[in-house]
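Reader: Please take a close look at a single part of this model and then place it in the chain around it. State the cut-off for each term where you use it.

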Amino acid sequence: MSVIVLNASYEPLHTVSIQHAIRMLVREVAVVEEAHGERTIGPFPVPRVLRLVRYVVTHWRYAAGRMKYSKHGVLRRDKFHCAYCGLENADTMDHVQPRSRGGRTEWLNAVAAHASCNERKGNRTPSEAGMPLLWQPWVPTRAELVIDK
């Protein structure tokens with residue numbers, strides 16, 4: 001379970017673990033904006049969303065260019081759903097056009113997949129394997145990768 005961290009201006013910045021969130025509350029650098037019901041950890045409610053007390057300047061958020069590619073980013077972009085069967089808990093990433101056939105490791109050639117679906121597709125394109133993609137890969141925005149949906 002992760003906690004969304006908002007800047008003082010309510011812009012989403014990133015997510016942190018519950019443990020990190022509690023440390024932020026202890027240090028008084030953040031306040032709870034939304035909590036998990038009545039549950040508490042010591043004197044603190046279990047947070048879903050934290051807001052920083054002071055504004056943090058984030059020039060990198062406005063930098064031109066694409067989001068940095070990563071396997072975890074592909075899984076988050078696809079909300080951990082397999083692009084071949086559509087079920088949840090996708091645990092790996094698959095190259096749509098296999099690397100051995102010239103496919104590149106980039107956002108537009110990668111989708112989340114279950115290990116079993118990835119193995120079944122093998123070294124083939126989705127059409128050759130008879131496993132059409134349920135959606136086309138895209139380059140995500142920072143907000144799509146930061147906020148759990």
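**A strand and its surroundings**

Author: Glu34 is part of strand β3, which covers residues 30-41. Strands here are DSSP runs of E with at least two residues, helices are runs of H or I with at least four residues, and both are numbered from the N terminus. The model is predicted, so local features need pLDDT of at least 70 and side-chain atom pairs count only at pLDDT 80 or more, while totals for chains, interfaces and linings use all residues. Residues are numbered from 1 along each chain as its sequence is written, and side-chain values use heavy atoms, with hydrogens and water left out.

Glu34 is partly exposed, at a relative accessible area of 41%. On this scale buried means under 20% relative accessible area, exposed means over 50%, and partly exposed is in between, with a 1.4 Å probe and protein chains only. With residues up to four places away in sequence not counted, Glu34 touches Pro47, Arg48 and Val49; a contact means heavy atoms within 4.5 Å. Leu50 is 16 residues from Glu34 in sequence, and the C-alpha atoms of the two are 7.1 Å apart.

His36 also belongs to strand β3. His36 is buried, with a relative accessible area of 14%. Its contacts, again without residues up to four places away, are Met1, Val46, Pro47 and Arg48. Arg48 and His36 are twelve residues apart in sequence, with 6.2 Å from C-alpha to C-alpha.

A third residue of strand β3 is Val31. Val31 counts as partly exposed at 31% relative accessibility. Apart from neighbours within four places in sequence, Val31 is in contact with Leu25, Val49, Leu50, Arg51 and Val53. Towards the N terminus, Val5 is 26 residues from Val31 in sequence and 9.7 Å away in space, C-alpha to C-alpha.

Strand β3 is one of six strands in the protein chain, which also has five helices. Read from the N terminus, the order is β-β-α-β-β-α-β-β-α-α-α. The radius of gyration of the chain is 19 Å, whereas a compact globule of 149 residues would be near 15 Å; the value is taken over C-alpha atoms, and the globule rule is 2.2 Å times the number of residues to the power 0.38. The C-alpha trace spans about 55 × 35 × 20 Å along its principal axes. Of the 149 residues, 40% are buried. Of the contacts between residues at least 6 apart in sequence, 57% join residues at least 24 apart.

Next comes the loop after strand β4. The whole structure holds one aromatic pair. Tyr69 and Trp107 form this pair edge-to-face, with 5.4 Å between centres and 75° between planes. Rings of Phe, Tyr and Trp (its six-membered ring) pair if their centres lie within 6.5 Å; planes under 30 degrees apart count as stacked, over 60 as edge-to-face, and the rest as tilted. Tyr69 sits in the loop between β4 (44-52) and α2 (71-77), and Trp107 in the loop between β5 (92-95) and β6 (110-113), so the pair ties together parts that are 38 residues apart in sequence. Tyr69 is partly exposed at 22% relative accessible area, whereas Trp107 is buried at 3%.

Past α2, two residues stand out by their backbone angle. Most residues other than glycine have a negative phi. Lys79, which is not a glycine, has a positive phi of about 55°, and Phe80, not a glycine either, has a positive phi of about 60°. Lys79 lies in the loop between α2 and β5, as does Phe80. Lys79 is partly exposed at 46% relative accessibility, and Phe80 is partly exposed at 30%.

Further along, Thr125 occupies the loop between α3 (115-121) and α4 (126-129). Thr125 is buried at 13% relative accessibility. Its contacts, leaving aside neighbours within four places in sequence, are Val96, Gln97, Pro98 and Arg101.
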